[in-house]
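Reader: Hey, I'm new to this one. Can you pull it up and walk me through a bit of it?

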Amino acid sequence: MTRSAFDYVDGVLHAEGVSAVSLAEQFGTPLYVYSRAALTDAWNAYAGACVGRRASVHVAVKANSNLAVLNVFARLGAGFDIVSGGELARVLAAGGKAENTVFSGVGKHADEMRDALAAGVKCFNVESIPELDRLNAVAAEMGKKAPVSLRVNPDVDAKTHPYISTGLKSNKFGVAFEDARATYQAAAAMANLDVIGIDCHIGSQITEVAPYLDAVDKVLELVEQIEQDGVKIRHIDVGGGLGITYDDETPPEIGEFVRTVLDRIEARGHGHREVYFEPGRSLVGNAGVLLTRVEFLKPGAEKNFAIVDAAMTDLARPAMYEAYHAIDPVVERNLPAHVYDVVGPVCESGDWLGRERLLAVEPGDLLAIRSAGAYGFVMSSNYNTRPRAAEVMVDGTQAHVVRAREEVRQLFAGETILPA
Ligand SMILES: *Cc1c(COP(=O)(O)O)cnc(C)c1O
């Protein structure tokens, strides 16, 4: 996905038809800004490649769970992939349908299972025998049958950051490949489960198609064995994980990726099964930026710092994964450029947003932190009693506040002091 929804017009960064300067003035900073057109384009790239194929796309809610974002996808006919009962509530509030929603996650609580079963989700992606037992018990209690897919761990190296790689033996995720057949037998024997599919999710920010094809090959081999054992597999969920361009990565284009995976499944004789995709980052990552204002420039003996009003509390990815986000001045300036570490005001040395960036800026200038639509706002926190940023969605020449900026009093509204 390109960054074209966020481009310069006469030296000023715009989100679609709206100047980022006016957004910052109107709504304050730090400010998350999303582009409806960019969300729509990314969805259409997935959906377009699925036309005429037995395939469906479930938006991974955890990448960006703002109701307006989910609603844009719901209006386009999207399914959803959730990892908590809270995310199910968001999907329903945003106009998504339970029957198009799959429930993933390694530690589902019984209450979450109950709510999801009552709502009628499409499938539970289950990751262990104890989880099968719990789901079977919950379904029995409710007099229902729970649709189940097992998340298997194909043990392939997705060649991504260790913290976002999930398909290796050493990860906590999924049923070990060697145990999968026996686990399917166990699931099939449970009276209140209806085994319908298989899934895997090998990691995130994957920039090559090869690890997917390796995973698909292994999963298909397993599907054949499972069916020999007498359990019917109707769908294959290949997970999410397709990467985006943050810097100079060159991930496969969405449509090409989808077609390559579907072609492989067809070529191996499994074209009659439905294929699910669960993209998060590749749908929303480059559909958002984080606007921040430079508070101070602080020259140092070894480093210069640009201290900005956004922090690790707003965008955790650099602190968490040493992730790179491009940072650009909102207004192109004719000033001498210097190398800065762009840091926030939080009392942690880990509170940085970009390191060694060449920037022509002065205090008071605005910066745009790129590719912030995925795992941005959703990971934000109130550390240092910082209210979370506002979120705005631009649609053509209109800007809509889709989440109001938090106020300090909200942050301790649920707290009480001991009686006198
Ligand atoms: C996080 C996650 C996704 C989405 O991953 P992206 O890298 O954002 O595409 C999909 N499926 C599952 C099970 C996940 O945990």
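Reader: What's the bridge partner of serine 149 in β11?
Author: That's glycine 197. Keep in mind that this is a predicted model.

Reader: OK, and how many bridges join β9 to β11?
Author: Six, and the two strands run parallel. β11 covers residues 193-199.

Reader: Which residue does valine 152 partner with in β10?
Author: Valine 175. β10, residues 175-176, pairs with β9 in the parallel sense over two bridges.

Reader: What about β8, how does that strand pair with β9?
Author: In the parallel sense again, over three bridges. Phenylalanine 124 has valine 148 as its bridge partner in β9. β8 and β9 also belong to a right-handed β-α-β unit, together with helix α6, residues 129-141.

Reader: Is β9 mostly covered or uncovered?
Author: Mostly covered: eight of its eight residues, 146-153, are buried. Ala146, Val148, Leu150 and Val152 point one way, while Pro147, Ser149, Arg151 and Asn153 point the other way.

Reader: Switching to the ligand: which residues come nearest?
Author: Lys62, Ser204, Gly241, Glu278 and Tyr375, out of 14 residues around the ligand. That shell divides into three nonpolar, six polar and five charged residues.

Reader: What does glutamate 278 do there, contact-wise?
Author: An N or O atom in its side chain is 2.5 Å from a nitrogen atom of the ligand. Backbone contacts show up too: a polar backbone atom of glycine 241 is 2.8 Å from a ligand oxygen, and arginine 281 likewise has a polar backbone atom 2.8 Å from an oxygen of the ligand.

Reader: And how much of the ligand does the protein bury?
Author: 94% of the 390 Å² that the ligand exposes when taken alone.

Methods
Residues are numbered from 1 along each chain as its sequence is written. This is a predicted model: local features need pLDDT of at least 70, side-chain atom pairs count only at pLDDT 80 or more; totals for chains, interfaces and linings use all residues. Side-chain values use heavy atoms; hydrogens and water are left out. Buried means under 20% relative accessible area, exposed over 50%, partly exposed in between (1.4 Å probe, protein chains only). Helices (H or I, at least four residues) and strands (E, at least two) are DSSP runs, numbered from the N terminus. Two strands pair if DSSP finds at least two bridges between them. A crossover is right-handed if, with the strands pointing away from the viewer, the path from the first strand over the helix to the second runs clockwise. A residue is near a molecule or strand if one of its heavy atoms lies within 4 Å of it. A polar contact is a pair of N or O atoms within 3.5 Å; within protein, one must be able to donate a hydrogen and the other to accept it, and residues adjacent in sequence count only if both atoms are side-chain atoms. Accessible areas come from the Shrake-Rupley method with a 1.4 Å probe; for residues, only the protein chains shown count as cover. Ala, Val, Leu, Ile, Met, Phe, Trp, Tyr, Cys and Pro count as nonpolar, Asp, Glu, Lys and Arg as charged, and the others, Gly among them, as polar.
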